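User: Hi! I am new to protein structures and would like to learn how to read one. Could you take me through it step by step?

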Amino acid sequence: MKKIFLATLLAASVVPATSQETYENAKVIAEDLNGTARYVGMGGAMEALGADISTIASNPAGIGLFRRSTASVSFGFVSQGDAASMSGAKATYGSFDQAGFVWSTNTSGKKQSFFNFAFNYHKSRNFDYILAAASPLYYASQNKLTFAKATNYLLYEYKADGVPDFDHPYLSCSQIDGIYAKAYNKELNQWTYVDASGYDMRRAHKGYVGEYDFNLSGNINNQVYLGLSVGIHDVHYRHHGEYTENMDPVTVEPYDLTVSEDRRITGTGYDVKFGAIFRPIDYSPFRFGLYVHTPTFYTLTTSNETVVLDGAATVSSGESYKFKLHTPWKFGASIGHTIGTQLALGATYEYASYGSTDTRYITGSYYNYWNNYSYDRSESDELMNEHTENTLKGVHTLKLGAELKPTDDLAVRVGYNYVSPMYESEGFKDVTIDSDGTFTASATDYTNWRATHRVTAGVGYTLGQFNLSAAYQLSTTRGDFSPFCNYVGSYDAGDAGTVPLENVADPVKVKNTRHQLLFTLGYTF
């Protein structure tokens, strides 16, 4: 399916405020299924069952079901089975995934009401992923996209003689556009492009988002459970990519042109989570839970270095800037039921409207001398947020899980986790947006990922005050990779009149298949 961007005349000055682009932001705001081996083994469907420390980050009321204090640590291995290692990124690697404790205190002589305090760390997002894509290109190229923008007057001001003024770019002139302008046009003082016969992309993503949650929770008469968690999110993301086009010019021998890019995103954020679990019938173990998460309020810094090599010349560009990102609200509902002491069943539904993600400029930094406190003021990047609203959509998450205990000490678990697509199928990275998110862009590619399916299984064994658990998770996501957004239009060729111009690359099917083996060691006291 062809995707077309409509070029419009943009005239704006460069300002120091900066913000990020939709597809880059989406990498940060997505979440994985991770935590203790019990939680993962049951597909994460424990928001009503509770009594697992991983519920601190989903339904905080789940911590209120603990009757004894406990501590646990989780670690394991992750493998992207169909990938080849590159740029220091390995297809199989070790991972430290969770560590925390619950301190439980009885507040009534009947041992029916408890007040609990908890802390937990878990890796909420694992960025490690190796992307590979390749395809023929028929009379298209990345630099031809720059040419299309230039001939629609989107990149530079023009001098009186009609020559582009390369010292005065518009906001829609990205770093990659600037590189191509320097490489192909500055000496000639005119716009040109070279077609490519094909491309090859390899990119290694690495890093994680660590979440640190502090929780207060408890129960009333063993029927109403309430909880509150405050989370601190720590972002460490980087990638190295190499995009090579096989250039096929008319006047010289074919050659390869490679765009090498390194990007980092670091920063912190915070959120607040509220939850409740109700057991409406006194003699029945059936219960249901409700919870809500505020947006995560991120302050992030991103930096990049981009280099173009064509065998004859090397041109580079780099940027570093700070921006703010507010994720959407999240809402969840869950049910849980136990049959005797042998069987536990859980189901959870979550919803978050990712199209409402708020990308924000930092408009200034302020220091309060009276309180010795500094802070940043910001405002929404309205044009980029409009693009986000049209590109990302509401995401539905379904979790199903079961635990069978054939003996008091042994547990067997299974689960299923489904996450609906975050991206609109016709979404694309719009390189004409009048935003600093465009101006600081250093790549043109994007991937519209579809639904994620996770199948899980696990076992657990209790030995006195110790408990040991293991879980396996198979996660599969497929998507459509595009090296750049498509353009179909025309340009003014002077004496030749209006000339049609197409720059179209069909999407390539890619996938992310991840295997996780997770172990948890717990101690109850």
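Analyst: Happily! About 1300 Å³ of space lies in the largest pocket, and 45 residues line this pocket, with Arg-38, Ala-51, Phe-66, Glu-403 and Lys-405 closest to its centre. This is a predicted model, where local features need pLDDT of at least 70 and side-chain atom pairs count only at pLDDT 80 or more, while totals for chains, interfaces and linings use all residues. Residues are numbered from 1 along each chain as its sequence is written, and side-chain values use heavy atoms, leaving out hydrogens and water.

User: How is such a space found, and what is a cavity?

Analyst: Rolling a probe the size of a water molecule over the atoms shows where empty space is left. On a 1 Å grid over the protein atoms alone, a cavity is a set of points where a 1.4 Å probe fits but cannot get out, while a pocket is an open set with protein on both sides within 12 Å along at least five of seven lines; lining residues have an atom within 4 Å of a point. Points are joined across faces, edges and corners, and the volume is the space filled by probe spheres set on them.

User: Which strand gives the most to the lining of the largest pocket?

Analyst: That is β20, with four residues. Strands (E, at least two residues) and helices (H or I, at least four) are DSSP runs, numbered from the N terminus.

User: How many cavities of 30 Å³ or more are there in the whole structure?

Analyst: The search finds six. The second largest holds about 80 Å³, and its lining has 14 residues, with Met-201, Arg-203, Tyr-243, Val-259 and Ala-443 nearest the centre. Here β8 gives the most, with three residues.

User: How do I read the sides of a helix?

Analyst: An α-helix has 3.6 residues a turn, so residues three or four places apart point the same way. In α5 (residues 382–391), Met-384, Asn-385, His-387, Thr-388 and Thr-391 are buried (under 20% relative accessible area; exposed is over 50%, partly exposed in between, with a 1.4 Å probe and protein chains only). They lie on the same side of α5 because they cover an arc of only 155° around the axis, taken from the directions from the helix axis to the C-beta atoms. On the other side, Glu-382, Glu-389 and Asn-390 are exposed.

User: What do the buried residues of α5 pack against?

Analyst: They pack against α1 (22–29), β15 (358–368), β16 (373–380) and α6 (436–439), where contact means heavy atoms within 4.5 Å.
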